[in-house]
Amino acid sequence: MKDFAALYTALDETTATNQKVAAMVAYFRSAPPADAAWAVHFLSGWRPRRLIRAGDLRRWAALAAAIPEWLFEESYHAVGDLAETIALLLPEGAGAEERPLAWWVEERLLPLRDLEPAEQEVSLIASWRELSGRERYVWNKLITGAFRVGASQRLVVRALAEVSGLSDEVIAHRLMGAWEPGPGFYERLTAHDTRDADWSRPYPFFLAHALEQPPSALGDRTCWQVEWKWDGIRAQLIRRAGQTFLWSRGEDLLNGRFPEVEELAAFLPSGTVIDGELLPWRDGRPLPFAQMQRRIGRKKLDRRILAEVPVALIAYDLLEEGGEDLRTRPLGERRRRLEALVASLPTGASIHLSPVVEGDDWPALADARLAARDRGAEGLMLKHAESAYGVGRRRGDWWKWKVDPLSVDAVLIYAQPGSGRRAGLYTDYTFGVWDGDRLVAFAKAYSGLTDEEIRQVDAFVRRNTLDKFGPVRVVKPELVFELAFEGIQHSSRHKSGVAVRFPRMARWRTDKAAADADTLETVRGLIDAVNAR
Amino acid sequence: MPDSGMTLLRLTDRGLYCEAGDFYVDPWAPVDRAVVTHAHGDHATWGCRRYLASAAGRGVLALRLGPDAVIETLDWGEPVSLGGVRVSLHPAGHILGSAQVRLEMGGEVWVVSGDYKTDPDPTCAPFEPIRCDTFITESTFGLPIYRWPAETEVFAEINAWWRANAAEGRTSLLFGYALGKAQRLLAGLDPSIGPILTHGAVERMTTAYREAGIPLPATTHAAALPRKADREGALVLAPPSAEGSAWTRRFAPFSAAFASGWMRVRGARRRRALDRGFTLSDHVDWPALLAAIDATGAGRVWVTHGFTAAVTRWLGERGLEARALATRFEGERDDDVEVE
């Protein structure tokens with residue numbers, strides 16, 4: 001456990017990716033395979049389902065720290081992180097014999113799930129006593145299911161590739177999909193025989209970067225395949241050895257969630273992998289994403305919801321055909337093969353080609369981009385015709401060129417402290433727009449400001465608090481921000497009657513006074529404007 | 001809650017006012033007569049007609065208030081009578097010359113703590129517990145999450161970090177408040193590792209400390225070095241306001257760290273995007289705060305700047321007459337602002 005906690009601390013203390021990779025390499029070189037497997041598991045973002053009720057945990061921690069629960073809560077608000085709050089509050093541990101990570105996970109962590117609360121309490125208090133300092137913090141992170149560390153999957157892959165002498169691709173491939181940690185797993189992960197074909201496994205998704213320069217900088221337009229940028233669930237549909245697997249980008253196996261897509265997949269030849277987007281789809285265009293959320297929210301899919309919100313896979317790319325990995329072939333070739341494949345499927349079915357957007361030159365495409373919202377798209381995707389299907393987010397070959405967001409000028413009315421890196425700073429804001437002479441809460445936003453701006457707003461909040469409700473401060477309505485968002489629709493669940501998608505602060509309008517902010521009427525007008533197009 | 005006993009101080013829009021003696025303690029707006037606990041900007045305001053402060057802190061206070069300020073001083077424990085109120089100053093252990101103000105009239109004793117710590121600090125006189133009826137205390141770190149590691153442990157960490165940087169050819173950039181923290185850091189650094197350079201603000205205050213007779217290792221004002229001078233292996237002491245400024249670029253490649261009580265919490269460390277955070281504070285932590293309050297024997301405690309709500313409630317639950325006081329003191333701020 002000491003080594004793993006030291007690894008966590010090393011990853012936490014540096015912002016340099018090389019140092020992070022070096023720390024992981026050093027850990028994997030010396031850790032026993034059983035520990036290494038669990039470390040990979042946690043570093044890959046796996047978190048146990050909630051083992052202990054948060055209320056119980058807080059109560060036991062307060063008891064162990066000999067403080068009243070209200071003081072525990074005050075402390076928690078200042079720290080913004082439950083695991084850390086507990087670690088900071090507990091008296092110094094007694095210490096005990098050092099045990100490996102796998103022991104802590106298998107003998108202490110996983111069994112918590114099947115214990116009665118009273119037994120959980122005994123087990124936890126014992127663990128807290130036996131661990132000390134930063135081990136206890138890491139342990140709390142594990143039991144609260146909040147273990148996150150500043151190492152992206154890509155860096156974990158890089159470290160494992162360095163340790164094993166394998167390529168990044170092999171490691172990334174082996175890490176996808178479902179696996180159980182154990183010494184056997186770690187040995188397979190780093191095994192030099194790379195024929196291990198687990199039929200279920202998707203390829204790592206290749207991602208696009210946001211286009212930051214004018215598209216003319218990309219050169220000759222004819223070198224680029226242009227598609228709509230859809231806003232659904234990115235997925236890979238796999239047909240291998242007579243079985244179908246549907247994976248989301250978040251690496252969730254979606255089998256059973258989209259039966260209409262799976263049914264059609266049975267028509268695909270074995271050894272086929274299609275990359276695409278799952279969208280609620282009717283009459284050649286997507287339904288609002290809220291419809292998809294309605295459908296995702298259902299535990300059981302009845303005939304009615306399937307009829308009301310039919311879902312289709314809009315196919316972007318063909319990654320495997322006849323069992324052959326096509327990812328290094330040029331996009332143009334993959335597209336031709338994809339077109340032929342989709343054409344061979346029954347018509348009117350639930351797999352469609354992602355249409356290619358025509359346009360002779362960049363100005364024509366700029367016009368098409370402006371019309372993206374009319375189609376229910378977020379903008380355009382620009383993919384180089386020669387591009388391979390890479391790993392992760394490599395720059396240069398694929399770009400997303402989104403339409404400019406919708407925006408509203410709104411007034412800061414409530415603020416709440418953030419968590420993690422932003423703990424103790426007022427960073428989570430609620431904004432209002434005018435409804436007559438009253439400000440009505442309209443959207444929350446947490447991102448978009450620079451650290452310096454956050455500090456200034458934080459100072460403002462502290463000096464202009466009108467009222468407090470728990471951690472929430474009601475502030476003097478004075479600061480105006482331009483909020484940008486991607487979509488807007490009516491909502492009966494919001495006080496304002498309006499819900500927005502992906503709101504963020506585009507700009508601090510220091511040039512505007514609260515009275516200059518937008519009205520609810522203007523905001524509602526946006527819904528009509530968007531839907532009229 | 002109705003106040004019991006006599007009221008020697010009350011809160012006005014200019015600060016804590018003693019009507020009987022017609023003076024203020026740490027006012028935040030110009031007044032006729034200010035008794036000042038210490039030289040930090042949120043306690044020593046400009047433009048008062050007369051100041052009364054500790055003799056030990058005279059030098060640094062004069063540096064902050066300018067040459068025209070009229071500063072009268074008292075030795076530790078030396079009493080003076082102001083309008084029938086017996087006033088004396090006692091070490092607060094916060095920075096050089098930092099004082100607690102003791103007021104006595106008609107057998108009633110009040111103490112204003114200013115900022116204070118009870119941990120050892122070779123650059124100032126140690127905190128002196130004083131019995132009183134009413135104690136006005138700061139609460140900058142008034143939550144049980146704030147518990148300071150032993151000073152020796154922290155300095156061992158800082159010196160190890162400096163040594164490792166020096167070995168790898170990096171300069172060590174250490175941020176801490178120019179007045180107080182920087183000199184305490186200096187006193188704990190191991191000068192055998194390499195040269196110690198200073199930012200102008202730190203150098204000015206360090207000179208004032210030396211003039212007051214505090215022994216500190218030799219420093220070189222960074223501005224006095226040629227721009228291209230070799231700084232390898234050096235440690236640079238600078239105020240937090242210099243963090244991320246163009247001034248720091250000349251020290252590249254460097255590792256940057258901040259020394260502050262706030263560094264106890266990971267979020268505060270991480271959002272500064274520094275390489276290291278060292279938990280070193282010139283304020284009391286939670287156990288020391290409670291112990292200090294207890295040692296005064298005070299039945300009434302007024303709680304100023306910090307986690308006032310938590311401290312007030314904790315004391316109230318223990319039967320003390322406690323209330324929060326909305327002052328403009330700021331304690332150890334968790335940002336770049338430093339009043340020069």
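A salt bridge is a side-chain nitrogen of Lys or Arg within 4 Å of a carboxyl oxygen of Asp or Glu. The exercises below apply this rule, among others, to a predicted model.

**Exercise 1. Which residues of chain B form the salt bridge between domain 1 and domain 2, and how far apart are their closest N and O atoms?**

Step 1. Begin with the domain assignment of chain B, which gives domain 1 as residues 10-145 together with 282-324, and domain 2 as residues 151-278. The contact between these two domains takes 18 residues from domain 1 of chain B and 18 residues from domain 2 of chain B.

Step 2. Next, look up the count, which for domain 1 and domain 2 of chain B is one salt bridge. Asp282(B) and Arg184(B) form a salt bridge, and their closest N and O atoms are 2.9 Å apart. The pair qualifies because the rule asks for a nitrogen of Lys or Arg within 4 Å of a carboxyl oxygen of Asp or Glu.

Step 3. Finally, describe the surroundings of this pair: on the side of domain 1 of chain B that touches domain 2 of chain B, there are ten nonpolar, three polar and five charged residues. The area buried between the two domains is about 1,500 Å², and carbon and sulfur atoms give 70% of that area.

**Exercise 2. Is Lys117(B) buried or exposed, and with which residues is Lys117(B) in contact beyond its neighbours within four places in sequence?**

Step 1. Locate the residue: Lys117(B) lies in the loop of chain B between strand 10 (108-112) and strand 11 (134-139).

Step 2. Compare its accessibility with the cut-off, since buried means under 20% relative accessible area. Lys117(B) has 1% relative accessibility and therefore counts as buried.

Step 3. Follow the polar atoms of its side chain, one of which lies 2.9 Å from the backbone oxygen of Gly93(B), while the side chains of Lys117(B) and Asp121(B) are joined by a polar contact of 2.8 Å.

Step 4. Complete the picture with the contacts of Lys117(B) that leave aside the neighbours within four places in sequence, which are Ala92(B), Gly93(B), His94(B), Phe127(B), Arg184(B), Ser281(B), Asp282(B), His283(B) and Val284(B). Two residues on this list, Arg184(B) and Asp282(B), are the partners in the salt bridge of Exercise 1.

**Exercise 3. Which residues of chain B lose the most area to chain A, and which side chains meet in a salt bridge there?**

Step 1. Set out the extent of the contact, which takes 22 residues from chain B and 26 residues from chain A. Together the two chains bury about 2,400 Å², with 51% of it on carbon and sulfur atoms.

Step 2. Pick out the residues of chain B that lose the most area to chain A: these are Ile145(B), Arg266(B) and Arg271(B), which together make up 29% of what that side buries.

Step 3. Turn to the charged pair, for which the count between chain B and chain A is one salt bridge. The side chains that meet in it belong to Arg266(B) and Asp12(A), with a distance of 2.7 Å from N to O.

Step 4. Consider which elements take part: helix 5 (266-271) and helix 7 (308-317) of chain B are the elements that give two or more residues to the side that touches chain A. By class, that side of chain B divides into eight nonpolar, one polar and 13 charged residues.

Terms used
Residues numbered from 1 in each chain as written. Chains lettered and ligands numbered in written order. Predicted model: local features only at pLDDT ≥ 70, side-chain atom pairs only at ≥ 80, totals over all residues. Heavy atoms only, no water. Domains from an automatic or database assignment. Contact = heavy atoms within 4.5 Å. Buried area = accessible area lost by both parts, 1.4 Å probe. Nonpolar A, V, L, I, M, F, W, Y, C, P; charged D, E, K, R; others polar. Helix = DSSP H or I, 4+ residues; strand = E, 2+ residues; numbered from the N terminus. Buried < 20%, exposed > 50% of the residue type's maximum accessible area, 1.4 Å probe, protein only. Polar contact = N/O pair within 3.5 Å; in protein donor to acceptor, adjacent residues only side chain to side chain.
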